[in-house]
Amino acid sequence: MKTKFFAVLFVLFAAQFVAAQDKTNANARTSRALAKQQDFKTYHGAYSTTGSEDIIVIVDAGDRLLCKIPGKPSIPLESTGTHLFKSEKEGITIIFNPEKKQFIMTEKGVARTYTKT
């Protein structure tokens, strides 16, 4: 009886693991598909914000963008929607507004608006 119980538990666990892997793979495919649809060149450039002398530079890196902040390593940004990019590792979300030549960066709950210089 115990053997059957543990076998059923193992099968259920394995099914959940496979489903989680499928979801992760699907999210990666969606991110790459979104990246192919967007023209990253509209986001390229140097951006600044009031209250800080730092200039953030956004450049293209194939299927993602790189955010270059002075004194820090480049941060890869994954496309997660139209004009929306994230770095899960750094906890950064960037929403671009190409018409205004701006983006809003949210980091640790603090949002700042940057304008292309």
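**Close-up views of the predicted model**

**View 1. L84 in strand β5 and the strands on either side of it in pairing.** The residue of β6 that forms a bridge with L84 is I95. In this predicted model, L84 also has G81 as a bridge partner, in the pairing of β4 with β5. Strand β5 covers residues 84-87. Its L84 and K86 belong to an uncovered face, whereas F85 and S87 belong to a covered one. Strand β4, residues 75-81, runs antiparallel to β5, and 3 bridges join the two. Strand β6, residues 92-97, is also antiparallel to β5, here over 4 bridges.

**View 2. The two hairpins that include β5.** The hairpin of β4 and β5 has 2 residues between its strands. One residue in this turn, H83, has a positive phi of about 65°. The hairpin of β5 and β6 has 4 residues between its strands. There G91 has a positive phi near 70°.

**View 3. The two faces of strand β6.** Side chains alternate along this strand. I92, I94 and F96 point to one face and are buried, while T93, I95 and N97 point to the other face and are not buried. Both faces can be followed into the paired strands. I94 stands opposite F85, a residue of the covered face of β5. I95 stands opposite I104 in β7. Strands β6 and β7 run antiparallel and are joined by 6 bridges.

**View 4. The surroundings of I92.** I92 is a residue of strand β6. I92 counts as buried because its relative accessible area is 1%, and the cut-off for buried is under 20%. Leaving aside residues up to four places away in sequence, I92 touches I75, F85, K86, S87, M105, T106 and E107. Of these, F85, K86 and S87 are residues of β5. M105 is 13 residues from I92 along the chain, and the C-alpha atoms of the two are 6.8 Å apart.

**View 5. K101 in the hairpin of β6 and β7.** This hairpin has 4 residues between its strands. K101 lies in the loop that connects β6 and β7. Its phi is positive, about 55°, although K101 is not a glycine. Most residues other than glycine have a negative phi. K101 counts as exposed because its relative accessibility is 51%, where exposed means over 50%.

**View 6. K108 in the loop between β7 and β8.** The loop that holds K108 joins β7 to β8. K108 is another residue other than glycine with a positive phi, in this case near 55°. K108 is exposed, as its relative accessible area is 75%. K108 is also among the residues that line the second largest pocket.

**View 7. The second largest pocket.** The space in this pocket is about 210 Å³. Its lining consists of S52, D54, I56, I69, K72, M105, E107, K108, V110, R112 and Y114. By type, the lining has 5 nonpolar residues, 1 polar residue and 5 charged residues. Strands β7 (102-107) and β8 (110-116) each contribute at least two residues to it. The largest contribution, 3 residues, is from β8. Two of the lining residues, M105 and E107, also touch I92.

**View 8. K41 in the loop after the helix.** K41 is located between α1 (2-37) and β1 (45-48), in the loop that joins them. K41 counts as exposed because its relative accessibility is 61%. V59 is 18 residues from K41 along the chain, and their C-alpha atoms are separated by 8.1 Å.

**View 9. The whole protein, for orientation.** The protein has 1 helix and 8 strands. Along the sequence their order is α-β-β-β-β-β-β-β-β. Of its 117 residues, 21% are buried. The exposed surface comes to about 8,200 Å², with 59% of it supplied by carbon and sulfur atoms. Among contacts between residues at least 6 apart in sequence, 31% join residues at least 24 apart.

Definitions and conventions: Residues numbered from 1 in each chain as written. Predicted model: local features only at pLDDT ≥ 70, side-chain atom pairs only at ≥ 80, totals over all residues. Heavy atoms only, no water. 1 Å grid on protein atoms, 1.4 Å probe; cavity = no way out; pocket = protein on both sides within 12 Å on 5 of 7 lines; lining within 4 Å. Points joined across faces, edges and corners; volume = space filled by probe spheres on them. Nonpolar A, V, L, I, M, F, W, Y, C, P; charged D, E, K, R; others polar. Buried < 20%, exposed > 50% of the residue type's maximum accessible area, 1.4 Å probe, protein only. Pairing = 2+ DSSP bridges. Contact = heavy atoms within 4.5 Å. Areas by Shrake-Rupley, 256 points an atom, 1.4 Å probe, with all protein chains shown as cover.
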